[in-house]
Amino acid sequence: MPNIAIVGAQWGDEGKGKVIDIFAAKSDYIVRYQGGNNAGHTVVIGKDEFILHLIPSGILHKNKICVIGNGVVIDPRALLEEIKVLGSKGIYVKGRLFISDSAHVIFPYHWKLDGLKEEAKKKKKIGTTKKGIGPCYADKVARSGIRIIDLLDKETFREKLKANLEEKNNILTKIYNADVFSFDELYKEYFGYAENIRQYVCDTSILLNDAIKCRKRILFEGAQGALLDVDHGTYPFVTSSNATAGGASTGTGVGPNKIDKVVGVVKAYTTRVGEGPFPTEFPDDLMEKIRKKGREFGATTGRPRRCGWFDKVIVEHSVRVNGIDEIVVTKLDVLDDLDSLKICVAYRYNGKLYKNFPSDIKVLDNCQPVYEEFPGWKKDTTAITSYAGLPKNAKNYLKVIQKLLNTKIVLISVGSERRQTFSKGA
Ligand code: IMP
């Protein structure tokens, strides 16, 4: 198996955790390249459910190497807690987890500012996870951030934290009328984390490129989804990193020519958490039904996810901006009870037909979706183990999606367990 990037093709929560888990079995290294503990990858193994926020979900395979790349923002508290929880379930990371020395660190002032900025936005809020992701990436781009390598060095850390706190405490008091952070307390707490994290830290670009030279197979694990990408998503209702496949290169220090294939994970319908445009959002009754059946609640925040019909316009955009070669369709079973299903093939706004994803948020916010309708299959698919065994109308639904996207569907998932996945075949 070559080096593969797995990306979410919608607004995240497509079921990437499970797909990554399946691909991880055939990989040697599994690498996170962007985002932070805003992500929540759920993997069900037998009776155990694991929700990973920061550590690549490949860690659940005992002999795999997992890497947190330079493009990730790391909350040391969350990281150490995740390591502890995994250890309590018999999964040990020592010798298998490597963290980039260039990844940026999330501090409590990032969480605080995340929350305060959201409150200040009132009705225009983004609906962030309040994990400090945006403010941390903002510091990175503003060139004032603190990287893991800085955290590990007493003097550098002291100097950088001092400069950052001076600025942040000023913002907190003068703009938001909020409490300040104490330098001494933060310094002591975070240098303590540094001592625990040190054992995992290295130049992961060297690690990965050496592994590639030795013909090891690398799996790049995307978090969130293309429509949450800071460049290609529904800006400003996005996260602050490049969730698309390009991020796999910049976020790891592995050249794009070393990534052989991009696999897009597509939910059989659409969901999004947080605010922002959602043209195919269901009416309330259907929303409740699908949310309940699909257990559509955020793995990180527990927030109910907004649900809607499959939207070809956004997924086609996603196929293009990611360079998706193959598709995995997840949660097909959630649609089992419906009499008929709709797929949005275009938007109509101000008398104009939009077949391509519009960059103008006004269009997305106010457009009318143009739907095509298909008969449902009204049959439980959760015990089905092959494509051939699917009801005719379910096959038809998948064929339509494949044709509309002009991209091959390779895997289909009909439940959260590993065994509820099968290939589509030729
Ligand atoms: P942030 O990443 O916390 O800044 O949140 C920005 C937007 O991305 C919000 O709409 C979040 O709900 C959304 N978001 C962030 N991470 C995820 C995820 O893993 N799944 C789905 N939505 C996410």
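Which strands does helix 13 (residues 392–405) lie across? Select the helix and you will find strand 15 and strand 19 beneath your cursor, with helix 13 running at about 145 degrees to strand 19. Helices (H or I, at least four residues) and strands (E, at least two) are DSSP runs numbered from the N terminus. Angles run from 0 to 180 degrees between N-to-C directions, with axes fitted to C-alpha atoms, for helices over the stretch in contact.

Before going on, a word about the model: it is predicted, so local features need pLDDT of at least 70 and side-chain atom pairs pLDDT 80 or more, while totals for chains, interfaces and linings use all residues. Residues are numbered from 1 along each chain as its sequence is written, and side-chain values use heavy atoms, without hydrogens and water.

**The sheet.** Next, colour the ten strands of the open, mixed sheet, in the order 9-7-5-2-10-1-11-15-19-20. Strand 9 (201–202) and strand 20 (421–423) are at the edges; each has a single partner strand, so one side of each lacks a neighbour in the sheet. Pairing here takes at least two DSSP bridges. Zoom in on strand 7 (residues 97–100), which pairs with strand 9 in the parallel sense over two bridges; Ile 99 has Val 201 as its bridge partner. Now add helix 1 (residues 16–24), which packs on the sheet and touches several strands, including strand 1 (4–8) and strand 20; contact means heavy atoms within 4.5 Å. The directions of helix 1 and strand 1 make about 170 degrees.

**The ligand.** Select the ligand and show its 15 surrounding residues (a heavy atom within 4 Å). Asp 13, Asn 38, Thr 129, Thr 239 and Arg 303 are the closest. For polar contacts (N or O pairs within 3.5 Å), try these:

- Asp 13: a polar side-chain atom is 3.1 Å from a ligand nitrogen.
- Asn 38: a side-chain N or O atom is 2.9 Å from a ligand oxygen.
- Gln 224: a polar side-chain atom is 3.2 Å from a ligand nitrogen.

The protein covers 96% of the ligand's own 470 Å² of accessible area (Shrake-Rupley, 1.4 Å probe).

**Two loop stops.** Between strand 10 and helix 9 (246–250), pick Pro 236: the peptide bond from Tyr 235 is cis, with omega near 5 degrees. Finish at Arg 143, in the loop between helix 4 (133–141) and helix 5 (148–151), where phi is positive, about 70 degrees.

Notes
A polar contact is a pair of N or O atoms within 3.5 Å; within protein, one must be able to donate a hydrogen and the other to accept it, and residues adjacent in sequence count only if both atoms are side-chain atoms.
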